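Morning, everyone. I'll take a few minutes on one structure, starting with a strand-helix-strand unit and then moving to the sheet and the cavities.

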Amino acid sequence: RAERRKLHVATLPQASSFYPAREDFNSRFNIAAQMRVVSEIELETTTLVAALGGLRPDFIKLDAEGAELEILRGADLGGVLGLLAEVRFNELMSGCPTFSELDLFCRGQGFHLYDLDLYRYSRTALPYPFLYDFRNDRGEPAAGATTQGQVLTGDALYFVDGLTVAKPLKLACMFEIFGLADCAAEVILRHGLDRTLLDLLIAPVKGEQLTY
């Protein structure tokens with residue numbers, strides 16, 4: 001909504017959120033220190049519709065530290081072919097919507113879940129190696145996802161049904177970008193698009209380019 005909103009500034013600026021971190025829960029994980037709230041500021045917020053100024057996106061990518069569902073509720077999703085949103089499976093931040101809530105909303109808007117990347121975080125009791133060389137704004141190592149541990153966050157990929165879409169070629173391209181060549185092929189065949197496009201979806205085998 002268009003309103004003034006309190007932002008909880010975290011030790012790691014990228015972890016700042018409209019939802020305050022739950023220290024009682026986060027203290028059990030290696031990410032507790034960087035999620036700790038150090039200050040609060042007020043910001044002006046607006047809807048995605050207003051922010052886009054009349055533009056009609058084909059795809060939306062969201063990473064807003066828990067506010068993804070609110071952004072979608074303030075969006076006009078008519079004509080949107082797909083979206084990628086960061087999701088949470090636990091209340092890392094107090095009152096933050098979880099994956100189940102976002103998934104229910106997206107399905108109600110005609111989107112289907114196509115992929116889900118999961119990120120795990122280890123307990124401080126027995127730390128696992130970090131998955132990435134993640135660093136803060138000063139270039140110093142910062143805690144992040146680990147090779148093993150509890151699933152806390154992820155990235156959920158949604159698309160509309162490829163059989164009824166009004167912009168099949170765009171959707172086929174998006175499917176290919178996200179490694180869903182089979183879904184792209186189905187769209188091309190069902191919508192009667194140029195069949196030579198199918199050859200572009202076939203990966204080389206031992207250096208030889210094969211046809212569909």
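Start with β3, α4 and β4, which together form a β-α-β unit, and the unit is right-handed. Bear in mind that this is a predicted model.

The two strands of that unit, β3 and β4, run parallel and are joined by four bridges. To place the register: F59 has G82 as its bridge partner in β4, and K61 sits opposite L84.

Now the sheet. It is open, has four strands in the order β3-β4-β6-β5, and its pairing is mixed. β3, residues 59-62, and β5, residues 112-121, are the edge strands; each has a single partner strand, so one side of each has no neighbour in the sheet. From one strand to the next, the twist averages 15 degrees.

On to the other partner of β4. That is β6, residues 150-159, which runs antiparallel to β4 with seven bridges between them. Within this pairing, R88 stands opposite T153.

How much of β4 is buried? Seven of its seven residues are. G82, L84, E86 and R88 point to one side of the strand, while L83, A85 and V87 point to the other, and all of them are buried. Note that the list includes the charged side chains E86 and R88.

Next, the empty space. There are two cavities of 30 Å³ or more.

The largest holds about 60 Å³. Which elements give two or more residues to its lining? They are α4 (68-73), β4 and α5 (99-108). β4 supplies the largest share, three residues. From the full lining, E86, V87 and R88 are the ones to look at in β4, and the lining also includes G66, C96, P97 and T98. By class, the lining has six nonpolar, two polar and three charged residues.

The second largest cavity has a volume of about 40 Å³. Its lining includes H8, A10, Y19, P20, M35, V37 and M93, along with the run A15, S16 and S17. Here the classes are eight nonpolar, three polar and no charged residues.

To put β4 back together: this strand pairs in parallel with β3, pairs antiparallel with β6, has seven of seven residues buried, and gives three residues to the lining of the largest cavity. That is where I'll stop.

Notes
Residues are numbered from 1 along each chain as its sequence is written. This is a predicted model: local features need pLDDT of at least 70, side-chain atom pairs count only at pLDDT 80 or more; totals for chains, interfaces and linings use all residues. Side-chain values use heavy atoms; hydrogens and water are left out. Two strands pair if DSSP finds at least two bridges between them. Axes are lines fitted to C-alpha atoms, for helices over the stretch in contact, and angles run from 0 to 180 degrees between N-to-C directions. On a 1 Å grid over the protein atoms alone, a cavity is a set of points where a 1.4 Å probe fits but cannot get out, and a pocket is an open set with protein on both sides within 12 Å along at least five of seven lines; lining residues have an atom within 4 Å of a point. Grid points are joined across faces, edges and corners, and a volume is the space filled by probe spheres set on the points. Buried means under 20% relative accessible area, exposed over 50%, partly exposed in between (1.4 Å probe, protein chains only). A crossover is right-handed if, with the strands pointing away from the viewer, the path from the first strand over the helix to the second runs clockwise.
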